[in-house]
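This report describes selected local features of one protein model and its ligands. Please read it alongside the sequence and coordinates shown below.

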Amino acid sequence: MITLKTADQTTKMRAAGLVVSEMLARTREAVRPGITTLDLDRIAAEVIARHGAKSSFLGYYGYPATICTSVNEEIVHGIPSKRVLREGDIIGIDAGAIVDEWHADAAITVPVGKISAEAAKLIAVTEEALRRGIAAARVGGRLGDIGAAVQRYAEGEGFSVVRNYVGHGIGRAMHEEPQVPNYGAPERGIPIREGLCIAIEPMLNAGRPETRTLKDDWTVVTADTSLSAHFEHTIWCTDKGPVVLTAPASGRVSVAA
Ligand code: MF3
Ligand code: CO
């Protein structure tokens, strides 16, 4: 069942969203050639601990870390390790936090030092695809409007949209109904109602959309080993437009429809 959230509940999700935003800000500024993905995990864990929050990911179906770190052809669910980041890599950082039993979930992809023009374009287009998906999350519209907005823009820019992984409802659990695909037809799917809270998370590939999971049973990579980027926000749909619960404290929390 899809649960609509009250303003009071989304206040708690906003508290979780602020922790997530800080986890991403602190890890983003630490990204440089020579740092390991486990170093980034420790930084995120410190932020979580300082706020008395909990990681949404640690222990989730046995997931062994605080955040996910996905490098280059890794799409999502990369496990932090002793892997050293190198100039020219791109890294997806995905973080979730629980405050008072309420979850928030967000992700960014950032360059490691100087990167190729193609990698920079992939990152920029994926972030803009998320922005367009958020703007399409209007009360009175339908869920398909979101995926359609992401897909139309991403494919128009020459990238492919991952089908095997999708966004999701979020609230007292990290993953709730409904699924939120990054593809599909406008004016299809469930109506978007006031109080719907969802994580929108486009994953775009430079090559083909097919995926493969590594032997660690977590890391999802592009089947053709092409580069992949991922951005995500948790949003609250309201009559006044979507509110980005994982936006930075200093940033705008509202996206004009
Ligand atoms: N953040 C991911 C999502 O958006 C979930 C991470 S899977 C975990 O759905 F196992 F790492 F928790
Ligand atoms: Co998510």
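In this predicted model, Thr109 has a relative accessibility of 3%. It therefore counts as buried, the cut-off being under 20% relative accessible area. Thr109 belongs to strand β5, and its side chain reaches the backbone oxygen of His230 at 2.7 Å.

**The cobalt site**

Strand β5 spans residues 102-111 and also holds Asp105. Which residues supply the protein donors of the cobalt ion (ligand 2)? They are Asp105 through OD, His168 through NE2, and Glu201 and Glu232 through OE. These donors lie 2.0 to 2.3 Å from the cobalt ion. Along the sequence, the spacing of the donor residues is D-x62-H-x32-E-x30-E. Two of the donors, Asp105 and Glu201, are 96 residues apart, and the pair links distant parts of the chain. Asp105 is in strand β5, whereas Glu201 is in the loop between β9 (197-200) and β10 (203-205).

Are these two donors buried or exposed? Asp105 has a relative accessible area of 2% and is buried. Glu201 is at 7% relative accessibility and is buried as well. Both values fall under 20%, so both residues meet the cut-off for burial.

**Ligand 1**

There are 13 residues around ligand 1. Those that come nearest are Phe57, Asp94, Asp105, His175 and Glu201. Asp105 and Glu201 are thus named here and also among the protein donors of the cobalt ion. The table lists distances between polar side-chain atoms and oxygen atoms of ligand 1.

| Residue | Partner | Distance |
|---|---|---|
| Asp105, side-chain N or O atom | oxygen atom of ligand 1 | 2.9 Å |
| His168, polar side-chain atom | oxygen atom of ligand 1 | 3.3 Å |
| His175, polar side-chain atom | oxygen atom of ligand 1 | 2.5 Å |

Taken alone, ligand 1 exposes 330 Å², and the protein buries 96% of that area. The space that ligand 1 takes is the second largest pocket. His168, which has a polar side-chain atom 3.3 Å from an oxygen atom of ligand 1, is also a protein donor of the cobalt ion through NE2.

**Backbone features**

The peptide bond from Glu177 to Pro178 is cis, with omega near 0°. Pro178 is in strand β8, which covers residues 176-180.

Two residues with positive phi lie in loops. His77 is not a glycine, yet its phi is about 70°. The loop that holds His77 runs between β3 (74-76) and β4 (90-99). With 27% relative accessibility, His77 counts as partly exposed. Asp217, another residue other than glycine, has a positive phi near 70°. Asp217 is found in the loop between β11 (211-213) and β12 (220-222). Its relative accessibility is 63%, and Asp217 therefore counts as exposed, over the 50% cut-off.

**Gly52**

Where is Gly52 placed? Gly52 is in the loop between α2 (37-50) and β1 (54-55). Gly52 has a relative accessible area of 66% and is exposed. Between Gly52 and Ile75 there are 30 Å in space, C-alpha to C-alpha, and the two are 23 residues apart in sequence.

Notes: Residues are numbered from 1 along each chain as its sequence is written. Chains are lettered from A and ligands numbered from 1 in the order in which they are written. This is a predicted model: local features need pLDDT of at least 70, side-chain atom pairs count only at pLDDT 80 or more; totals for chains, interfaces and linings use all residues. Side-chain values use heavy atoms; hydrogens and water are left out. Donors are N, O and S atoms within 2.8 Å of the metal (3.2 Å for Na, K and Ca); water is not among the atoms, so sites may look incomplete. Helices (H or I, at least four residues) and strands (E, at least two) are DSSP runs, numbered from the N terminus. Buried means under 20% relative accessible area, exposed over 50%, partly exposed in between (1.4 Å probe, protein chains only). A residue is near a molecule or strand if one of its heavy atoms lies within 4 Å of it. A polar contact is a pair of N or O atoms within 3.5 Å; within protein, one must be able to donate a hydrogen and the other to accept it, and residues adjacent in sequence count only if both atoms are side-chain atoms. Accessible areas come from the Shrake-Rupley method with a 1.4 Å probe; for residues, only the protein chains shown count as cover. On a 1 Å grid over the protein atoms alone, a cavity is a set of points where a 1.4 Å probe fits but cannot get out, and a pocket is an open set with protein on both sides within 12 Å along at least five of seven lines; lining residues have an atom within 4 Å of a point. A molecule sits in a cavity or pocket if more than half of its atoms lie within 2 Å of its grid points.
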